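Work through the exercises below with the sequence and the model open. Each task is followed by its solution.

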Amino acid sequence: MTLCKFSKLPASLRLLSPVPVHAAMFVALAMATSTAVASERHEHGVAQLEVVQSGSDLSLRWQLPMDGVVGFEHAPTNTQEHKQLAQAHQKMSQAQQWLTPNTAARCAVTGVEIELPGFKPQPVGSDHAHDKKHEHGHESGHDAGHEAGHSDASWQVSWRCAQPSALVAIDLLALDMWPEIETVYVQGVVNKKQFALEIRSPSRTFSLP
Ligand SMILES: [Zn+2]
């Protein structure tokens, strides 16, 4: 698995989960859900979304089948599949375009963490060296983790909101880039209240409790 911390943001914006209790909530939620995730294979077309809001901090953490992200779950075997992974990673890096808390809350992205099995970041400055006759030989030797037949992507995005009391809804534009994902199971903790709901496409906006 490739754990890729988005590194193009200024250092001041790269802070992730700055409040300890915030991180603890994620751990608790992860523990609450991991049993289900581990004991049965994921269902294609279904994504899990954890939402945690505490004070001015808001975080969303997605877990979804790679099938829904790039259309395959094996290790990339050709240039096209590497390209699909790179494009997915690039889009997810631009989290502010794909996940939008309602504007009155004035939330700004503070951190993005992307885990896309099989994705290998290109070394800095290597882009210009590519041309169609120069396909790299890095198709083999990719990390295992796909061998089981299924693999998941995870994507965690954090915001700091200037008007957290105005936070009432989040628009999941990301569902537009994942047409295969038809159901999102949302659960989380908002204002110390637990909640759970289900979003079915074409819906993509949900209200916070
Ligand atoms: Zn699968």
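Two residues are in contact if their C-beta atoms, placed from the backbone, lie within 7 Å. The model is predicted.

**Exercise 1.** List the contacts of Leu99, leaving aside its neighbours within four places in sequence.

Solution. Apply the 7 Å cut-off to the C-beta atoms. The residues that remain for Leu99 are Leu60, Val157, Ile170, Leu172, Leu173 and Ala174.

**Exercise 2.** Place Leu99 in the largest nonpolar core and state which elements build this core.

Solution. The largest nonpolar core has 29 residues, and Val69 and Leu99 touch the most other members. Two or more residues each come from β2 (46-54), β3 (57-65), α2 (66-69), α3 (79-93), β5 (107-115), β6 (152-161) and α5 (174-177). Strand β2 gives the largest share, four residues. Another core, of seven residues, lies apart from this one; Leu58, Cys161, Leu167 and Leu208 are among its members. In general, nonpolar side chains tend to be buried together in soluble globular proteins.

**Exercise 3.** Determine the strand order of the open sheet that contains β7, and explain why β4 and β10 have one side without a neighbour.

Solution. The sheet has three strands in the order β4-β7-β10, with antiparallel pairing. Strands β4 (100-101) and β10 (205-207) stand at the edges with a single partner strand each, so one side of each has no neighbour in the sheet. Between β7 (residues 169-171) and β10 the antiparallel pairing runs over three bridges. Within this pairing, Ile170 is opposite Phe206 of β10.

**Exercise 4.** What percentage of the 209 residues in the chain is buried?

Solution. Buried residues make up 29% of the chain.

Definitions and conventions: Residues numbered from 1 in each chain as written. Predicted model: local features only at pLDDT ≥ 70, side-chain atom pairs only at ≥ 80, totals over all residues. Buried ≥ 20, exposed ≤ 12 C-beta atoms within 10 Å, placed from the backbone. Pairing = 2+ DSSP bridges. Core = buried A, V, L, I, M, F, W, Y, C linked by C-beta atoms within 7 Å.
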